[in-house]
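Trainee: I have this model open and would like to look closely at one part of it. Could you pick a spot and walk me through what surrounds it, step by step?

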Amino acid sequence: MNNLFSTNLIHASKHDDGTGTVTTPIYLSSTYSQKTPGLVPGKNDPNSFGNGWLYSRLLNPTRGSLEKTLATLEYAKYAVTFSSGMATLNAIISILDINDHILCSDDAYGGTQYYMNNYVSNKFNMVDMTNLELLEKNIHKNTKLIWIESITNPLLKIPNIKNISKLAKKYNLILVVDSTFMSPYLQNPIKLGADIVVHSITKYINGHSDLIMGAAITNSNDIYLKLRNSSIYLGAVPSAFDSYLVLRGLKTLEVRMDKQCQNAINIANYLNNHPKIQKIIYPGLKSHPQYELAKLQQHKFGAMISFYINDNPIKFLEKLKIFTLAVSLGAVESLAECPFLMTHANVSPKDCEKLNININLIRLSIGIENVQDLIDDLKQALE
Ligand SMILES: *Cc1c(COP(=O)(O)O)cnc(C)c1O
(Lines give C-alpha, C1' and ligand atoms only; values in the text may rest on other atoms or scores of the structure.)
Protein backbone atom coordinates (compact mmCIF):
# COMPACT_ATOMS: atom_id res chain seq x y z
CA MET A 1 0.00 0.00 0.00
CA ASN A 2 1.26 3.50 -0.78
CA ASN A 3 1.68 6.12 1.90
CA LEU A 4 -1.03 8.54 0.89
CA PHE A 5 -2.95 9.52 3.97
CA SER A 6 -6.37 9.63 2.27
CA THR A 7 -5.94 6.13 0.91
CA ASN A 8 -4.73 4.80 4.24
CA LEU A 9 -7.77 6.35 5.94
CA ILE A 10 -10.03 4.22 3.78
CA HIS A 11 -7.96 1.05 3.42
CA ALA A 12 -5.62 0.63 6.40
CA SER A 13 -8.34 -1.18 8.36
CA LYS A 14 -8.82 -3.78 5.60
CA HIS A 15 -9.87 -6.96 7.31
CA ASP A 16 -9.77 -10.50 5.98
CA ASP A 17 -11.85 -13.15 7.72
CA GLY A 18 -12.36 -15.20 4.56
CA THR A 19 -15.87 -13.89 3.81
CA GLY A 20 -14.80 -10.98 1.61
CA THR A 21 -16.18 -8.47 4.12
CA VAL A 22 -15.50 -4.88 3.06
CA THR A 23 -15.75 -3.43 6.58
CA THR A 24 -14.31 -4.75 9.83
CA PRO A 25 -16.98 -6.85 11.59
CA ILE A 26 -17.87 -6.30 15.26
CA TYR A 27 -16.36 -9.26 17.11
CA LEU A 28 -18.33 -9.49 20.34
CA SER A 29 -16.84 -12.74 21.63
CA SER A 30 -15.07 -12.39 24.96
CA THR A 31 -13.09 -15.63 24.48
CA TYR A 32 -11.61 -17.63 21.56
CA SER A 33 -11.49 -21.41 21.12
CA GLN A 34 -8.14 -23.21 20.93
CA LYS A 35 -7.46 -26.44 19.01
CA THR A 36 -4.94 -27.57 21.57
CA PRO A 37 -4.12 -25.95 24.94
CA GLY A 38 -1.96 -22.87 24.51
CA LEU A 39 -2.36 -22.59 20.72
CA VAL A 40 -4.26 -19.32 20.29
CA PRO A 41 -5.82 -18.53 16.88
CA GLY A 42 -5.02 -15.38 14.88
CA LYS A 43 -1.26 -15.16 15.39
CA ASN A 44 -0.89 -14.45 11.65
CA ASP A 45 -3.53 -11.71 11.75
CA PRO A 46 -1.70 -8.35 11.50
CA ASN A 47 -4.40 -6.86 13.74
CA SER A 48 -3.21 -9.03 16.64
CA PHE A 49 0.38 -7.72 16.39
CA GLY A 50 1.45 -11.38 16.28
CA ASN A 51 -0.17 -12.36 19.57
CA GLY A 52 -3.39 -14.00 18.40
CA TRP A 53 -6.79 -14.03 20.06
CA LEU A 54 -7.12 -15.42 23.59
CA TYR A 55 -9.53 -13.24 25.56
CA SER A 56 -10.96 -9.85 24.57
CA ARG A 57 -9.51 -7.80 27.43
CA LEU A 58 -6.11 -8.70 25.97
CA LEU A 59 -6.81 -8.31 22.25
CA ASN A 60 -9.92 -8.24 20.09
CA PRO A 61 -10.09 -8.38 16.26
CA THR A 62 -12.24 -5.25 15.87
CA ARG A 63 -10.12 -3.27 18.32
CA GLY A 64 -6.98 -4.68 16.63
CA SER A 65 -8.16 -3.44 13.25
CA LEU A 66 -8.61 0.05 14.76
CA GLU A 67 -5.21 -0.07 16.46
CA LYS A 68 -3.43 -1.09 13.28
CA THR A 69 -5.19 1.74 11.42
CA LEU A 70 -4.23 4.34 14.05
CA ALA A 71 -0.60 3.22 13.96
CA THR A 72 -0.57 3.49 10.15
CA LEU A 73 -2.06 6.99 10.22
CA GLU A 74 0.60 8.22 12.69
CA TYR A 75 3.43 6.56 10.70
CA ALA A 76 4.18 4.24 13.62
CA LYS A 77 4.34 0.51 14.33
CA TYR A 78 2.05 0.19 17.32
CA ALA A 79 -1.13 1.62 18.82
CA VAL A 80 -2.91 0.70 22.04
CA THR A 81 -6.46 1.90 22.57
CA PHE A 82 -8.08 2.60 25.94
CA SER A 83 -11.61 3.24 27.14
CA SER A 84 -10.91 7.01 27.37
CA GLY A 85 -8.22 9.61 26.85
CA MET A 86 -7.86 9.74 30.65
CA ALA A 87 -7.29 5.96 30.86
CA THR A 88 -4.55 6.44 28.24
CA LEU A 89 -2.85 9.02 30.46
CA ASN A 90 -3.16 6.69 33.45
CA ALA A 91 -1.61 3.79 31.51
CA ILE A 92 1.32 5.91 30.32
CA ILE A 93 2.08 7.20 33.82
CA SER A 94 1.86 3.58 35.07
CA ILE A 95 4.93 2.58 33.03
CA LEU A 96 7.11 4.96 35.09
CA ASP A 97 8.97 4.09 38.28
CA ILE A 98 7.83 5.87 41.41
CA ASN A 99 10.99 8.02 41.56
CA ASP A 100 10.76 9.20 37.96
CA HIS A 101 10.12 12.94 37.64
CA ILE A 102 7.58 14.27 35.11
CA LEU A 103 7.44 17.59 33.24
CA CYS A 104 3.94 18.49 32.13
CA SER A 105 2.52 21.29 29.99
CA ASP A 106 1.20 24.05 32.29
CA ASP A 107 -1.96 24.58 30.26
CA ALA A 108 -2.72 20.93 29.62
CA TYR A 109 -6.28 19.65 29.32
CA GLY A 110 -8.21 20.27 32.59
CA GLY A 111 -8.50 16.53 33.30
CA THR A 112 -4.75 16.04 32.77
CA GLN A 113 -4.00 18.82 35.28
CA TYR A 114 -6.44 17.38 37.82
CA TYR A 115 -4.96 13.90 37.36
CA MET A 116 -1.39 15.18 37.86
CA ASN A 117 -2.38 17.16 40.96
CA ASN A 118 -4.47 14.44 42.62
CA TYR A 119 -3.49 10.97 41.41
CA VAL A 120 0.16 10.95 40.45
CA SER A 121 2.60 9.89 43.17
CA ASN A 122 5.60 10.88 41.06
CA LYS A 123 7.06 14.35 41.49
CA PHE A 124 6.22 16.67 38.61
CA ASN A 125 6.54 20.28 37.42
CA MET A 126 4.14 22.21 35.21
CA VAL A 127 6.05 24.18 32.56
CA ASP A 128 5.20 26.52 29.69
CA MET A 129 6.33 24.23 26.86
CA THR A 130 6.69 27.12 24.40
CA ASN A 131 9.71 28.24 26.47
CA LEU A 132 12.52 25.78 25.63
CA GLU A 133 15.05 27.39 28.00
CA LEU A 134 12.64 27.15 30.91
CA LEU A 135 11.91 23.54 29.99
CA GLU A 136 15.62 22.61 30.00
CA LYS A 137 16.11 24.36 33.36
CA ASN A 138 13.38 22.17 34.84
CA ILE A 139 14.99 18.88 33.78
CA HIS A 140 16.27 17.08 36.90
CA LYS A 141 18.58 14.07 37.23
CA ASN A 142 15.56 11.81 37.69
CA THR A 143 13.32 13.37 35.04
CA LYS A 144 11.98 10.62 32.79
CA LEU A 145 8.99 11.94 30.86
CA ILE A 146 7.86 15.15 29.17
CA TRP A 147 4.12 15.50 28.54
CA ILE A 148 3.18 18.19 26.07
CA GLU A 149 0.00 19.13 24.29
CA SER A 150 0.14 20.56 20.81
CA ILE A 151 -1.85 22.55 20.28
CA THR A 152 -2.94 23.37 23.82
CA ASN A 153 -6.36 23.76 25.28
CA PRO A 154 -7.92 26.35 25.52
CA LEU A 155 -5.14 28.86 24.74
CA LEU A 156 -3.99 27.17 21.53
CA LYS A 157 -0.30 27.56 22.31
CA ILE A 158 2.03 25.62 20.00
CA PRO A 159 5.16 24.04 21.49
CA ASN A 160 7.89 23.18 18.98
CA ILE A 161 7.75 19.38 18.93
CA LYS A 162 10.98 18.93 16.95
CA ASN A 163 13.03 21.11 19.31
CA ILE A 164 11.54 19.53 22.43
CA SER A 165 12.23 16.06 21.01
CA LYS A 166 15.91 17.02 20.54
CA LEU A 167 16.01 18.02 24.20
CA ALA A 168 14.25 14.78 25.18
CA LYS A 169 16.85 12.73 23.26
CA LYS A 170 19.74 14.68 24.80
CA TYR A 171 18.54 13.80 28.33
CA ASN A 172 17.13 10.38 27.41
CA LEU A 173 13.52 11.29 28.25
CA ILE A 174 10.27 9.91 26.89
CA LEU A 175 8.43 12.62 24.95
CA VAL A 176 4.64 12.27 24.94
CA VAL A 177 2.59 14.53 22.66
CA ASP A 178 -1.14 14.81 23.25
CA SER A 179 -2.12 15.61 19.66
CA THR A 180 -5.90 15.46 20.23
CA PHE A 181 -6.57 18.97 18.86
CA MET A 182 -4.78 18.15 15.59
CA SER A 183 -5.72 14.52 14.83
CA PRO A 184 -3.38 12.37 12.69
CA TYR A 185 -4.49 14.36 9.63
CA LEU A 186 -3.08 17.72 10.72
CA GLN A 187 0.04 16.65 12.62
CA ASN A 188 2.25 13.58 13.05
CA PRO A 189 4.40 13.96 16.19
CA ILE A 190 6.28 10.65 15.71
CA LYS A 191 7.73 12.07 12.48
CA LEU A 192 8.85 15.09 14.53
CA GLY A 193 10.64 12.92 17.10
CA ALA A 194 7.99 12.16 19.74
CA ASP A 195 8.08 8.76 21.47
CA ILE A 196 4.37 8.46 22.18
CA VAL A 197 1.42 10.20 20.52
CA VAL A 198 -1.78 10.42 22.55
CA HIS A 199 -5.26 11.04 21.19
CA SER A 200 -8.55 11.46 22.89
CA ILE A 201 -10.34 9.56 20.14
CA THR A 202 -13.54 11.01 21.56
CA LYS A 203 -12.74 14.19 19.63
CA TYR A 204 -11.69 14.49 15.93
CA ILE A 205 -10.82 10.84 15.25
CA ASN A 206 -14.30 9.59 16.06
CA GLY A 207 -15.81 12.93 15.13
CA HIS A 208 -19.46 12.24 15.92
CA SER A 209 -19.83 12.91 19.68
CA ASP A 210 -21.10 9.40 20.37
CA LEU A 211 -18.37 7.63 22.33
CA ILE A 212 -15.39 8.02 24.67
CA MET A 213 -12.00 6.47 23.78
CA GLY A 214 -8.27 7.14 23.81
CA ALA A 215 -5.10 5.82 22.17
CA ALA A 216 -1.33 5.79 22.64
CA ILE A 217 0.77 5.29 19.50
CA THR A 218 4.49 4.51 19.42
CA ASN A 219 7.36 3.09 17.37
CA SER A 220 9.12 1.70 20.43
CA ASN A 221 8.70 -2.02 20.98
CA ASP A 222 9.58 -1.61 24.66
CA ILE A 223 7.03 1.16 25.26
CA TYR A 224 4.41 -0.74 23.28
CA LEU A 225 4.80 -3.89 25.39
CA LYS A 226 4.57 -1.89 28.62
CA LEU A 227 1.48 -0.01 27.45
CA ARG A 228 -0.19 -3.22 26.26
CA ASN A 229 0.42 -4.76 29.67
CA SER A 230 -1.01 -1.67 31.37
CA SER A 231 -4.10 -1.90 29.19
CA ILE A 232 -4.49 -5.58 30.06
CA TYR A 233 -3.91 -5.30 33.80
CA LEU A 234 -5.39 -1.88 34.51
CA GLY A 235 -8.20 -3.17 32.31
CA ALA A 236 -9.56 0.03 30.74
CA VAL A 237 -10.12 -1.42 27.25
CA PRO A 238 -12.67 -0.09 24.74
CA SER A 239 -15.50 -2.31 23.48
CA ALA A 240 -15.66 -3.95 20.05
CA PHE A 241 -18.77 -1.93 19.24
CA ASP A 242 -17.09 1.41 20.02
CA SER A 243 -14.02 0.30 18.06
CA TYR A 244 -16.28 -0.33 15.07
CA LEU A 245 -17.87 3.13 15.41
CA VAL A 246 -14.43 4.75 15.41
CA LEU A 247 -13.37 2.76 12.32
CA ARG A 248 -16.51 4.05 10.63
CA GLY A 249 -16.15 7.68 11.77
CA LEU A 250 -12.42 7.76 11.00
CA LYS A 251 -12.93 7.18 7.26
CA THR A 252 -14.21 10.73 6.81
CA LEU A 253 -11.54 12.37 9.00
CA GLU A 254 -9.92 14.19 6.10
CA VAL A 255 -13.12 15.45 4.46
CA ARG A 256 -14.55 16.50 7.82
CA MET A 257 -11.42 18.33 8.88
CA ASP A 258 -10.91 20.06 5.53
CA LYS A 259 -14.34 21.64 5.92
CA GLN A 260 -13.86 22.33 9.64
CA CYS A 261 -10.53 24.08 9.02
CA GLN A 262 -11.93 26.15 6.15
CA ASN A 263 -14.97 27.15 8.24
CA ALA A 264 -12.62 28.04 11.12
CA ILE A 265 -10.48 30.36 8.95
CA ASN A 266 -13.58 32.23 7.76
CA ILE A 267 -14.98 32.52 11.28
CA ALA A 268 -11.63 33.64 12.70
CA ASN A 269 -11.44 36.37 10.06
CA TYR A 270 -14.98 37.48 10.90
CA LEU A 271 -14.33 37.60 14.67
CA ASN A 272 -10.95 39.30 14.16
CA ASN A 273 -12.72 42.45 12.99
CA HIS A 274 -15.56 42.44 15.50
CA PRO A 275 -15.62 45.36 17.99
CA LYS A 276 -16.91 43.15 20.84
CA ILE A 277 -13.97 40.74 20.55
CA GLN A 278 -11.06 41.92 22.66
CA LYS A 279 -8.54 39.33 21.47
CA ILE A 280 -8.81 36.29 19.24
CA ILE A 281 -6.51 33.26 19.37
CA TYR A 282 -6.31 31.19 16.19
CA PRO A 283 -3.07 29.68 14.80
CA GLY A 284 -4.06 30.68 11.25
CA LEU A 285 -4.01 34.41 12.07
CA LYS A 286 -0.73 36.31 11.76
CA SER A 287 -1.39 37.69 15.25
CA HIS A 288 -0.85 34.20 16.74
CA PRO A 289 2.60 34.10 18.40
CA GLN A 290 3.41 30.72 16.79
CA TYR A 291 1.84 31.40 13.38
CA GLU A 292 5.09 30.56 11.53
CA LEU A 293 5.62 27.39 13.55
CA ALA A 294 2.03 26.32 12.89
CA LYS A 295 2.70 26.53 9.16
CA LEU A 296 5.75 24.26 9.53
CA GLN A 297 4.51 21.79 12.11
CA GLN A 298 0.89 21.36 11.09
CA HIS A 299 -0.75 20.43 7.82
CA LYS A 300 -3.53 22.99 8.50
CA PHE A 301 -4.37 25.42 11.29
CA GLY A 302 -7.10 23.39 12.96
CA ALA A 303 -10.70 24.15 13.83
CA MET A 304 -10.49 25.44 17.40
CA ILE A 305 -10.85 29.18 18.08
CA SER A 306 -10.56 30.94 21.43
CA PHE A 307 -11.35 34.59 22.13
CA TYR A 308 -11.87 37.09 24.94
CA ILE A 309 -15.23 38.79 24.70
CA ASN A 310 -15.85 42.45 25.63
CA ASP A 311 -19.40 41.67 26.68
CA ASN A 312 -21.37 39.41 29.01
CA PRO A 313 -19.97 35.93 28.15
CA ILE A 314 -22.92 34.07 29.67
CA LYS A 315 -25.54 36.05 27.72
CA PHE A 316 -23.51 35.50 24.55
CA LEU A 317 -23.39 31.73 25.08
CA GLU A 318 -27.09 31.53 25.95
CA LYS A 319 -28.05 33.43 22.80
CA LEU A 320 -26.30 31.02 20.40
CA LYS A 321 -28.75 28.94 18.36
CA ILE A 322 -26.63 26.77 16.03
CA PHE A 323 -23.51 26.50 18.21
CA THR A 324 -24.35 24.07 21.01
CA LEU A 325 -23.29 25.14 24.50
CA ALA A 326 -21.34 22.04 25.52
CA VAL A 327 -17.88 20.78 26.46
CA SER A 328 -15.87 18.47 24.17
CA LEU A 329 -14.80 19.28 20.62
CA GLY A 330 -13.84 17.97 17.24
CA ALA A 331 -17.13 16.54 16.01
CA VAL A 332 -19.27 17.52 13.04
CA GLU A 333 -21.43 19.95 15.04
CA SER A 334 -20.12 23.32 16.23
CA LEU A 335 -19.79 23.77 19.99
CA ALA A 336 -19.16 26.78 22.20
CA GLU A 337 -18.07 26.87 25.84
CA CYS A 338 -16.60 29.00 28.62
CA PRO A 339 -13.47 27.09 29.82
CA PHE A 340 -13.36 28.94 33.16
CA LEU A 341 -16.87 27.69 34.07
CA MET A 342 -16.88 24.42 32.13
CA THR A 343 -13.82 22.44 30.90
CA HIS A 344 -11.40 24.06 33.35
CA ALA A 345 -13.77 24.42 36.33
CA ASN A 346 -11.65 21.92 38.31
CA VAL A 347 -8.40 23.84 37.71
CA SER A 348 -7.67 26.10 40.71
CA PRO A 349 -8.65 29.79 40.27
CA LYS A 350 -5.02 30.69 40.98
CA ASP A 351 -3.74 28.51 38.13
CA CYS A 352 -6.49 29.82 35.85
CA GLU A 353 -5.46 33.40 36.62
CA LYS A 354 -1.81 32.59 35.91
CA LEU A 355 -2.78 31.19 32.51
CA ASN A 356 -5.24 33.99 31.72
CA ILE A 357 -8.22 31.67 31.69
CA ASN A 358 -11.01 33.94 32.90
CA ILE A 359 -14.77 34.15 32.50
CA ASN A 360 -14.44 36.27 29.34
CA LEU A 361 -12.57 33.52 27.48
CA ILE A 362 -14.79 31.64 25.01
CA ARG A 363 -13.73 28.50 23.13
CA LEU A 364 -15.33 27.42 19.85
CA SER A 365 -15.07 24.03 18.18
CA ILE A 366 -16.01 24.56 14.55
CA GLY A 367 -18.10 21.90 12.81
CA ILE A 368 -19.11 21.24 9.22
CA GLU A 369 -22.28 23.35 9.02
CA ASN A 370 -22.75 26.10 6.44
CA VAL A 371 -20.21 28.74 7.39
CA GLN A 372 -22.53 31.71 6.75
CA ASP A 373 -25.10 30.19 9.12
CA LEU A 374 -22.38 29.89 11.78
CA ILE A 375 -21.24 33.49 11.24
CA ASP A 376 -24.83 34.75 11.37
CA ASP A 377 -25.32 32.85 14.62
CA LEU A 378 -22.25 34.48 16.19
CA LYS A 379 -23.34 37.87 14.83
CA GLN A 380 -26.81 37.74 16.44
CA ALA A 381 -25.35 36.47 19.74
CA LEU A 382 -22.85 39.37 19.78
CA GLU A 383 -25.56 42.02 19.16
C1 LIG B 1 -10.77 15.36 25.93
C2 LIG B 1 -9.32 15.41 26.06
C3 LIG B 1 -8.63 14.48 26.85
C4 LIG B 1 -9.35 13.43 27.65
O5 LIG B 1 -9.97 12.49 26.83
P6 LIG B 1 -11.28 11.67 27.25
O7 LIG B 1 -11.54 10.85 26.03
O8 LIG B 1 -12.36 12.65 27.56
O9 LIG B 1 -10.94 10.86 28.45
C10 LIG B 1 -7.25 14.58 26.92
N11 LIG B 1 -6.57 15.53 26.25
C12 LIG B 1 -7.19 16.45 25.49
C13 LIG B 1 -6.39 17.49 24.78
C14 LIG B 1 -8.58 16.43 25.37
O15 LIG B 1 -9.20 17.35 24.63
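Mentor: Happy to! Let's start with a word we will need: a residue counts as buried when its relative accessible area is under 20%, as exposed when over 50%, and as partly exposed in between. Please keep in mind that this is a predicted model.

Our spot is Ile366, which sits in the loop between β12 and α14 (371-382). Is Ile366 buried or exposed? Its relative accessibility is 0%, so Ile366 counts as buried.

What touches Ile366, then, apart from its neighbours within four places in sequence? Its contacts are Gln260, Asn263, Ala264, Ile267, Ala303, Ile305, Phe323, Ala331, Ser334 and Leu374. Keep Ile267 and Ile305 in mind, because nonpolar side chains tend to be buried together in soluble globular proteins. The largest nonpolar core of the model has 73 residues, and Ile267, Leu271, Ile305, Phe307, Phe316 and Leu364 are those with the most contacts inside it. Helix α10 gives the largest share of this core, 8 residues.

Now for the sheet in this part of the model. It is an open sheet of 5 strands in the order β8-β9-β12-β11-β10, and its pairing is mixed. At its edges are β8 (277-281) and β10 (324-325), each of which pairs on one side only. Strand β8 runs antiparallel to β9 (residues 304-309), and 4 bridges join the two. As an example of who faces whom, Ile281 stands opposite Ser306 in β9. Helix α10 (residues 253-272) packs on this sheet, where it touches β8, β9 and β12 (361-365). The direction of α10 makes about 15 degrees with that of β9.

Phe307 gives us another view of the core. Not counting residues up to four places away in sequence, Phe307 touches Leu271, Ile277, Lys279, Ile280, Phe316, Asn360, Leu361, Ile362 and Leu364.

Let's step back from Ile366 for a moment and compare it with the rest of the chain. The C-alpha atom of Ile366 is separated by 35 Å from that of Glu136, and these two residues lie 230 residues apart along the chain. There is also a second, separate core of 26 residues, which includes Tyr78, Leu89, Met116 and Tyr224.

The model has another open sheet for you to trace. Here 7 strands follow the order β1-β7-β6-β5-β4-β2-β3, with mixed pairing. Why do β1 and β3 each have one side without a neighbour in the sheet? They stand at the edges and have a single partner strand each, so one side of each is left free of a neighbour there. From one strand to the next, the twist averages 20 degrees.

Strand β7 is a good one to zoom in on. It is mostly covered, with 5 of its 5 residues buried. Gly214, Ala216 and Thr218 point one way from β7, while Ala215 and Ile217 point the other way. Strand β7 pairs with β1 in the antiparallel sense over 5 bridges, and Val80 has Ala216 as its bridge partner in β7. The pairing of β7 with β6 is also antiparallel and also spans 5 bridges. There, His199 stands opposite Ala215 in β7.

At the other end of the order, strand β2 (residues 101-105) and strand β3 (residues 124-127) pair in the parallel sense over 4 bridges. Cys104 stands opposite Met126 in β3. Between these strands the chain passes through helix α4 (residues 110-119), making a right-handed β-α-β crossover.

Finally, let's meet helix α8 (residues 221-234). Its 14 residues reach 20 Å from first C-alpha to last, close to the 20 Å expected at 1.5 Å a residue. The buried residues in α8 are Ile223, Tyr224, Leu227, Arg228, Ser230, Ser231 and Ile232. Among the elements covering them are α2 (61-73), β1 (78-82), β6 (196-200) and β7 (214-218). Just after α8, Gly235 takes a positive phi of about 85 degrees.

To return to where we began: Ile366 is buried, and its contacts include Ile267 and Ile305, two of the residues with the most contacts inside the largest nonpolar core.

Technical notes. Residues are numbered from 1 along each chain as its sequence is written. This is a predicted model: local features need pLDDT of at least 70, side-chain atom pairs count only at pLDDT 80 or more; totals for chains, interfaces and linings use all residues. Side-chain values use heavy atoms; hydrogens and water are left out. Two strands pair if DSSP finds at least two bridges between them. Contact means heavy atoms within 4.5 Å. Axes are lines fitted to C-alpha atoms, for helices over the stretch in contact, and angles run from 0 to 180 degrees between N-to-C directions. The expected span of a helix is 1.5 Å times one less than its number of residues. Buried means under 20% relative accessible area, exposed over 50%, partly exposed in between (1.4 Å probe, protein chains only). A nonpolar core is a set of buried Ala, Val, Leu, Ile, Met, Phe, Trp, Tyr and Cys residues joined through side-chain atoms within 4.5 Å. A crossover is right-handed if, with the strands pointing away from the viewer, the path from the first strand over the helix to the second runs clockwise.
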